[in-house]
Amino acid sequence: MIPLSWYLIFAAILFCIGLYGVLVRKNAIAILMGIELMLNSVNINLIAFWRYRSADGIAGQAFAIIVFAVAAAEVAVGLALIISIYRRRSSIVADDMNMMKW
Amino acid sequence: MTPEQIIFLIVAVVTLVAGISVVTSRNLIHSALWLILSLFGIAVFYVLLDAGFFAVIQVIIYIGAIAILFIFAAMLTRRVMQDTGPQSNSNWWLGALIALLLLAGIAVVLVNWQGFTALAPELINPSGRLSQLGLALVSPDQYVLPFELASVLLVAAMIGAIFVAGEKKQ
């Protein structure tokens, strides 16, 4: 049997790797990839807590389904924005996206 | 060590190495391919957690849709970042420090929590789990409102993505 702690530690490490990617990468698409890693580690936590703490209900699974839908919507809009910015400015470096800076 | 634990450790190491490669790889296409490997590892975890349905939708939605979207976006914007020059900004050590501090904080909170080393209880009705989930998502006294909101959100995101990324006609 695998204790709950293994899943939680794994998800924490994966979340921090994703956070590092979001904070450090210059390329806006790579930043979105970091966000995907973070969302996946959150989903592992949700399913692990469902399995180990409340396996007779389905609240954790329903929550994870909603996270899947929101992640798909977020990535579609985010990549559309990046492609639109690339059309106008020929750059996807996050530092160059400063047209709304006052 | 039971076979489940050995599988867990192997998959965890592969997934974490793939995740580190996602955030450090110079080539964006390589990053996307490492992301696919990492998502596959997470699908294996869903199987280990007795949530096979989630493993299936992980492969279909994340690998089949989102990762392919990433690869297309990387190909559409490829000329600007020619995989030369630094891929991370000058404050990378600050980002690493923040990530490590967060990891230490989470570890401290988890170790002091009582249910940390709990083992999984027996599943009462493993085969009826999926139909139970499906019924809960459409029954009015459970999750029908978040479910319908998610579908409205997906339609709005689809229309918004088409509008934002589409060519503007003169």
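**Helix packing and the contact between chains A and B**

Good morning. I begin with one result: helices α2(B) and α3(B) are roughly antiparallel to each other, where angles over 145 degrees count as roughly antiparallel, under 35 as roughly parallel, 65 to 115 as roughly perpendicular and the rest as oblique. This is a predicted model, in which local features need pLDDT of at least 70 and side-chain atom pairs count only at pLDDT 80 or more, while totals for chains, interfaces and linings use all residues. Residues are numbered from 1 along each chain as its sequence is written, and chains are lettered from A, with ligands numbered from 1, in the order in which they are written.

The two helices of that opening result pack at an angle of about 175°, and 9 Å lies between the axes of α2(B) and α3(B). Helices are DSSP runs of H or I with at least four residues, strands are runs of E with at least two, and both are numbered from the N terminus. Axes are lines fitted to C-alpha atoms, for helices over the stretch in contact, with angles from 0 to 180 degrees between N-to-C directions. On the α2(B) side the participants include B:Leu28, B:Leu35, B:Phe40 and B:Val47, and on the α3(B) side they include B:Gly52, B:Phe54, B:Tyr62 and B:Phe70. Two residues are in contact if their C-beta atoms, placed from the backbone, lie within 7 Å. By class, the contact of α2(B) with α3(B) comprises 20 nonpolar residues, two polar and no charged. Here Ala, Val, Leu, Ile, Met, Phe, Trp, Tyr, Cys and Pro are nonpolar, Asp, Glu, Lys and Arg are charged, and the others, Gly among them, are polar.

Two residues of this region deserve comment. B:Phe40, located in helix α2 of chain B, is partly exposed because it has 19 C-beta neighbours inside 10 Å. A residue is buried with 20 or more other C-beta atoms within 10 Å of its own, exposed with 12 or fewer, and partly exposed in between. B:Asp50 sits in the loop that runs between α2 and α3 of chain B, and its phi is near 60°, a positive value in a residue other than glycine. Most residues other than glycine have a negative phi. B:Asp50 is also partly exposed, as 15 other C-beta atoms lie within 10 Å.

Chain A has a corresponding pair to examine. The axes of α2(A) and α3(A) come within 9 Å, with a crossing angle of roughly 175°, and these helices are therefore roughly antiparallel. Among the residues that meet are A:Ile29, A:Glu36, A:Ile47 and A:Trp50 from α2(A), and A:Gly60, A:Phe63, A:Ala64 and A:Ile82 from α3(A). This contact holds 16 nonpolar residues, four polar and one charged.

I turn now to the contact between the chains. How many residues does each chain bring to it? Chain B contributes 72 residues and chain A contributes 58. On the chain B side, α1 (3–24), α2 (28–48), α3 (52–76), α4 (92–111), α5 (129–138) and α6 (144–165) each supply at least two residues. The chain B side divides into 56 nonpolar, 14 polar and two charged residues.

One helix pair across the chains is α1(A), residues 4–24, with α1(B): their axes come within 9 Å and cross at roughly 10°. That angle makes α1(A) roughly parallel to α1(B). The residues involved include A:Trp6, A:Phe10 and A:Tyr20 of α1(A), with B:Phe8, B:Leu16 and B:Val23 of α1(B).

A:Ala12 also lies in helix α1 of chain A, and counts as buried because it has 20 C-beta neighbours inside 10 Å. Setting aside residues up to four places away in sequence, A:Ala12 touches B:Leu103, B:Ile106 and B:Ala107.

Finally, the core. The largest nonpolar core has 67 residues, and A:Ile29, A:Ile47 and B:Phe70 have the most contacts inside it. Such a core is a set of buried Ala, Val, Leu, Ile, Met, Phe, Trp, Tyr and Cys residues joined through C-beta atoms within 7 Å. Helices α1, α2 (28–53) and α3 (59–89) of chain A, along with α1, α2, α3 and α6 of chain B, each supply at least two of its residues. Which helix gives the most to this core? It is α1(A), with 16 residues. Apart from neighbours within four places in sequence, A:Ile47 contacts A:Gly60 and A:Ala64 in its own chain, and B:Tyr46, B:Leu49, B:Ala51 and B:Phe54 in chain B.
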